[in-house]
Amino acid sequence: QENSSLHTLTARLDRWGYRGGWQRTFQGESRRLTLVVSRSLTFSGRTGAAAFVAYLESHVDSFYPFAVSHPLSVDRQSGWLIKPPMCACHMAEPLYVGVIVAGRQVRWLEINGPRASSQLLSSLLAEVPGT
């Protein structure tokens, strides 16, 4: 199997034309969601963004151990819905992750909380700004 070390990923990001990105984290007590992490990664073109999303899906266990992934489509943009297993902790809440290609960008959204669902993730992912 291919090595998915940080060094290998860094070299791939360079080849794919990675230009930069941002992340925002929202956390607090809510009856709906308790944690939302929104990321946007920018590449020089759609090909690089799609290559990153394909890499993430093929190495999903390196990012989210024991997760299950399924194809995801949001507003004609494709990617992956990733569902890591819930921990065995008291009061564990579901975590859903969506990663889609939007032109030369990758939109990556994680939601966690009592009402987290794949439907809520998809609706929120459709609202993530492009830049």
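Helices (H or I, at least four residues) and strands (E, at least two) are taken as DSSP runs and numbered from the N terminus. The model is predicted, and local features were accepted at pLDDT of at least 70, side-chain atom pairs only at pLDDT 80 or more, while totals for chains, interfaces and linings use all residues. Residues are numbered from 1 along each chain as its sequence is written, and side-chain values use heavy atoms, with hydrogens and water left out.

The loop between β3 (68–74) and β4 (77–83) contains D75. R76 is placed in the loop between β3 and β4 as well. Phi is near 50° for D75, a positive value in a residue other than glycine. For R76, another residue that is not glycine, phi is also positive, near 65°. Relative accessible area defines three classes: buried (under 20%), exposed (over 50%) and partly exposed (in between), computed with a 1.4 Å probe on protein chains only. D75 counts as exposed because its relative accessibility is 54%. R76, with a relative accessible area of 85%, is likewise exposed.

A contrasting environment was found for strand β2 (residues 35–43), in which eight of the nine residues are buried, so the strand is largely enclosed by the rest of the structure. Two strands are considered paired if DSSP finds at least two bridges between them. Strand β1 (residues 18–27) runs antiparallel to β2 and is joined to it by nine bridges; within this pairing, G20 stands opposite T42 in β2. Strand β6 (residues 105–112) is also antiparallel to β2, with eight bridges joining the two. Here V37 stands opposite E110 in β6.
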